[in-house]
Structure formats: C-alpha cells, structure tokens
Amino acid sequence: MLADKHADEIRSLLERYPPERKRSAVMPLLHLAQREYGWITRAALQEVAELTETTSTEVGTVAGFYTLYRSQPAGTHTIQVCTDLPCALKGGEELAKKLCANLGVRLGEVTPDGLFMVEEVMCLAGCDRAPVLQVQDARGIQYHENQNEDSAMRLIGDLRRASKEPKA
Amino acid sequence: MSEHILLRHRDVADIDKLEVYLAHGGFEALRKALTAQTPAQVLEEVKASGLRGRGGAGFPTGVKWSFLPKDVFPRYLVVNADESEPGTFKDRELMERNPFQFLEGIALAAYAAQAERAYIYCRGEFWDLARDLDRHIAQMGDAGWLGARLQGSTFSLEIYTHLGAGAYICGEETALLESLEGKIGQPRIRPPFPATYGLFGKPTVINNVETLTNLPPIIARGAAWYRTIGTPKSSGPKVFSLSGHVNRPGNYELPLGTTFRTLIYDLGGGLPGGRKPKAIMPAGASSTLLRATEAVLDMPMDYESVAAAGSMLGSASVIVLDETVDMSWLALKTSRFFKHESCGKCTPCREGTYWMLRLLEHIQSGEATAEDVHLLGQVAGQIQNKCLCPLGEFAIGPVQSSLALFAEDFQLHISQPSPRAAAVVSEHA
C-alpha cells in the first residue's frame with residue numbers, strides 16, 4: 001500500500017495544495033504509484049482516489065490522458081528515443097530502429113528478459129544535444145543526450161549489468 | 001552580448017549555489033521590492049521595461065498582471081515550465097543552471113500580483129530538474145527568502161513544484177490550470193480569463209520561466225536600463241534556442257532584433273558541410289516556415305519583424321533546415337507531433353490533425369495523387385480559426401507554409417516514392 005510505505009512523501013505532496021483541493025495531488029501520486037508498481041494498476045487508481053477524495057474513474061481518466069503513465073507493465077527500463085523533428089534531423093529515427101534491432105524487439109515490445117522496452121517519444125527539450133533519449137524506471141526519469149548507437153548500447157549494457165547485481 | 005543577463009551561469013561559475021548567487025547580488029532585487037517598493041510600483045516598473053512574455057505569445061507582462069481584479073484574494077502565481085515545443089530548450093537550461101534568479105523572479109512576480117502561493121508546473125520529463133528545484137526552494141526558504149512576512153514586510157510566499165506527465169497541450173495556460181487541478185489537460189473556454197478565474201477559480205497570473213528570470217535584473221537595474229537592450233517594441237534580451245542543421249546548436253542570449261544571420265552563422269557556425277539553408281522555423285515545430293533567402297537571413301529577430309514576414313518569433317526556437325530536407329517529410333513530422341498532442345476536446349483540431357497526418361503519410365508513400373495534396377491544403381484551411389486553443393493553429397503553420405513555399409517537395413512524391421516512405425509507413429503499421 002502506498003499509504004503505508006510512502007506516508008511521509010504522500011503527506012508532503014498533499015500539503016502542497018489547499019486542503020479542499022486534494023485532487024491536485026492526483027498526478028504527483030500517480031507518479032509515485034508508477035514508481036512503486038512499475039505501471040498504474042487498478043488497485044493504484046483506487047489508492048490514489050482514496051488519498052485525494054475522488055473516484056477511481058476520475059483518477060483513471062487522468063492516468064489515461066497523460067502519456068507518461070502506463071496502463072500495462074513495461075520493461076524494467078523503458079528507453080524512450082525522441083524522434084521529433086530536431087532529433088529526426090540528427091538521426092533519432094534511425095537510432096530508435098537500431099536499438100530495436102539490437103535488442104531483437106519491435107517498438108513497444110518488451111525484451112524476453114523483461115528488462116527493456118524501446119519507444120518513440122515526443123520532444124524532450126534537448127534539441128541542441130540531439131538525438132536525445134530518456135530512461136524511465138523505478139528511479140524516475142533520466143536524460144541521455146548526444147546519443148548514437150554505440151553510446152546507447154553501452155548504456156543498455158550498464159543497465160543490464162546493474163540489474164544482475166544483488167540489491168543493496 | 002558581452003554580459004549574460006539571463007544565462008548568467010555562463011559568466012559566473014556555480015551561480016546555482018546559494019552563496020555564489022548571494023555574493024553576486026542575489027535577492028537584492030527582491031529586497032529592494034519588499035522594502036522600498038509597493039506591489040503597484042513593481043508592476044509599473046515591469047510595464048515600463050516593455051518586457052513581453054517569453055513563452056511564445058509575446059504579450060506585455062506588466063499589462064497581463066494588471067488584469068487581476070482588485071481586492072479578490074487569494075491569488076495564485078503559476079509558472080509555465082511545461083517546455084515541450086520541438087526546438088525549444090531554453091527554460092530547462094535557465095532552471096537547471098541559474099535557478100535562484102528564476103526563483104527570485106517568481107517571488108517578484110508574486111509580490112507584484114500579491115499572490116502568496118506559487119506553483120511551478122514542470123513537464124513530467126523534467127523529473128530530476130524538479131527535484132533540484134525543490135532543493136533550491138528549500139535553501140531559499142532556509143535563507144529567509146520564503147515563508148511568512150518576508151524581510152519584515154506583510155508579504156508571505158510559498159513556492160511548490162508540480163510535475164506534469166507528458167502532454168504538450170499543458171503548455172496552453174488554461175489546460176495547464178486544469179492539469180494542476182488534477183484533471184485532464186484540456187483548454188478552458190475563455191472568457192473568463194485566468195486573471196479573473198484561474199487556478200481553483202481564483203485570480204491567477206501565469207508566466208513563462210524565461211519571462212520571470214528577466215524580473216530580477218529589471219527591478220535591480222531599472223526599466224530605463226532594460227530598454228537600452230533590444231528594439232523599442234521588443235525590448236530586452238532573449239534566449240534563442242538554435243537547433244537543426246547547424247554546427248553549434250545551443251542556447252544563445254541575444255538582444256531581440258539580432259538577425260538570423262548572426263545567430264546561424266556568427267554564433268551557430270553555419271551549416272555542416274557548407275550546405276545552404278533551405279528554410280528556417282523561427283518558433284519551433286509550430287512555425288510557419290520562412291524560405292531562407294538573403295533577406296530573411298538579414299531579418300531582425302523581433303516580434304514585429306518576424307510577424308511582418310508572415311511567421312512568428314514565438315519562443316524563438318530557431319530550427320535550421322538545409323537543402324536536403326524534403327518539406328513534405330517535415331510537414332509529416334510536425335503533423336505527427338500535433339496529432340499525437342491534440343487533446344481531443346475540439347473537433348477541428350482532433351479530426352483535422354488526424355486527416356492531415358493520414359494524407360501526409362499517403363503522400364510520402366508515393367501513392368498519392370495531386371488531388372490528395374489539394375485536399376491536404378483544404379483540411380488545413382478548415383482547421384484555421386476554428387479551434388478552442390492555439391494548438392490547432394500551430395498544427396497547420398508548417399503544413400500550409402510548406403505547401404505554399406515548397407510545392408515541388410509534394411509534387412515529387414506524386415510520381416515517385418519517397419526513400420523514407422517505407423520507414424514512415426511501418427512506423428504507423
């Protein structure tokens with residue numbers, strides 16, 4: 001349960017909004033839920049609804065509208081490659097294809113070991129260091145800029161090795 | 001410029017550390033405002049400076065503040081840090097590298113607006129950045145620049161960050177407010193405007209990150225000094241985000257009115273391989289294209305000049321396109337973006353962006369007829385002036401202008417297939 005495990009963070013998120021406007025915390029709490037569960041589960045919708053005194057239908061509408069929230073399990077690490085115009089001018093589309101080919105998956109497909117998924121993503125505001133990709137996982141979201149096939153595959157290798165190390 | 005007014009971290013190392021910021025005049029503008037100026041005086045100073053909103057619309061900032069109804073409280077200040085326009089990456093650098101000047105700007109705007117609570121709405125991908133901002137906000141509070149009765153005045157202030165979750169539309173200010181209220185990000189019908197009915201139904205000022213970062217120097221040095229930079233109607237410095245086919249992409253802080261040529265060639269180092277520019281997008285992916293003629297290269301980048309040429313300066317996100325770019329492919333890229341980001345509330349944008357994308361995919365596949373190209377222009381025309389918010393208008397800018405200026409790039413697909421066609425088709429399979 002989020003409420004037990006992350007009580008302090010939830011309290012501090014709710015404090016940011018007027019007491020009668022708890023619904024404003026829906027999005028921050030959905031981020032917290034996704035970090036905890038890896039995606040937005042049905043139970044998470046209910047938990048967030050209770051914390052914000054709204055309904056799971058309302059919370060579900062929000063979760064469905066915004067692209068960062070996942071409605072199904074993803075890879076442990078989602079590699080999101082920007083293929084919007086400025087990155088596309090610098091090879092972003094080709095980069096996404098090469099990563100898929102190297103991992104043996106299609107866009108949006110999880111690798112058999114469950115570790116990776118490659119997706120295209122809309123502009124990440126890093127156009128001067130194109131192509132850009134971001135990695136979304138339990139730690140949050142990290143940017144990686146000035147990428148090419150080699151640097152991105154090294155990053156994937158690092159993430160794979162880290163996943164095999166015993167958790168501290 | 002010899003001195004950076006906004007990208008000050010390029011002149012002063014470690015200005016993101018509080019002690020360094022304080023040692024370089026940090027929070028002196030806020031001290032001056034709180035101890036020697038009324039909120040109305042701060043507003044007048046900002047009006048006199050001629051500062052215009054740096055998010056894209058270019059509306060005079062002081063005038064925007066003056067729309068707040070008298071004696072209605074509480075009020076809110078909301079910061080638009082949803083930077084999502086392809087080609088725009090200036091707010092991110094300002095918040096990451098010069099955060100205290102940005103936060104001091106928030107405090108000045110909040111004081112002028114008499115708003116005691118400010119929210120920074122960051123796009124969800126700025127996850128790390130928002131956590132850094134939280135730390136900087138906490139340090140600002142510990143140093144006595146946030147909280148109750150600042151500097152012995154009657155003014156109190158709290159600043160909070162709020163993360164979005166991947167929706168370009170939330171850069172539109174009423175969609176942003178909906179999102180901040182925990183709802184889906186769809187624009188509100190206006191009037192009422194946010195100044196009277198904003199966040200939680202209260203009077204609200206919404207300003208862009210760069211706009212706010214301009215405030216500390218304006219208050220510290222005065223409006224008359226500020227007006228010495230830029231042009232009479234477009235005063236002050238501007239951060240230009242330069243990307244695309246240039247040797248040195250990046251953010252460049254320049255006086256408004258600097259020419260495209262200076263930005264692209266003197267600072268950006270020209271185009272790779274000595275290639276020629278074909279077109280320029282002055283305002284990111286939503287731009288109406290400008291053909292890169294000598295006259296356009298010599299055009300001053302200010303709000304009036306770029307508008308007079310039929311485009312707009314917007315957030316000054318200059319994307320350079322060299323002679324190898326197929327403009328029908330470019331229209332496909334931007335249409336794909338806007339179709340994805342259309343919020344679905346109003347029909348012309350939701351359906352129009354869908355059909356523009358389908359037609360452009362068809363054109364790129366090499367199977368389209370001249371009739372399809374004509375139809376594309378018609379669909380774009382039917383979106384025009386019919387949408388609830390500017391997103392629909394943004395979507396048609398690159399389509400209509402590429403059709404008008406580079407018709408040959410569409411014609412060539414009618415008889416022969418595009419090399420990109422297979423890739424594009426499979427992406428959407």
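A residue is called buried if 20 or more other C-beta atoms, placed from the backbone, lie within 10 Å of its own C-beta atom, exposed if 12 or fewer do, and partly exposed in between. Everything shown here is a predicted model, in which local features need pLDDT of at least 70, side-chain atom pairs count only at pLDDT 80 or more, and totals for chains, interfaces and linings use all residues. Residues are numbered from 1 along each chain as its sequence is written, while chains are lettered from A and ligands numbered from 1 in the order in which they are written.

**View 1. Chain B as a whole.** Let us start with the full chain: chain B has 20 helices and nine strands (DSSP runs, H or I of at least four residues for helices and E of at least two for strands, numbered from the N terminus). Its C-alpha trace spans about 75 × 45 × 35 Å along the principal axes. Of its 429 residues, 57% count as buried.

**View 2. The buried face of helix 17 of chain B.** Now zoom in on residues 370–383. Here Val373(B), Leu376(B), Ala380(B) and Ile383(B) are buried. Down the helix axis, these buried residues fall within an arc of 80° (taken from the directions from the axis to the C-beta atoms), so they line one face of the helix.

**View 3. The other side of helix 17 of chain B, and what follows.** On this side you can find the exposed residues Ala370(B), Glu371(B), His374(B) and Gln378(B). Just after the helix comes Asn385(B), with a positive phi of about 60°.

Definitions and conventions:
The expected span of a helix is 1.5 Å times one less than its number of residues.
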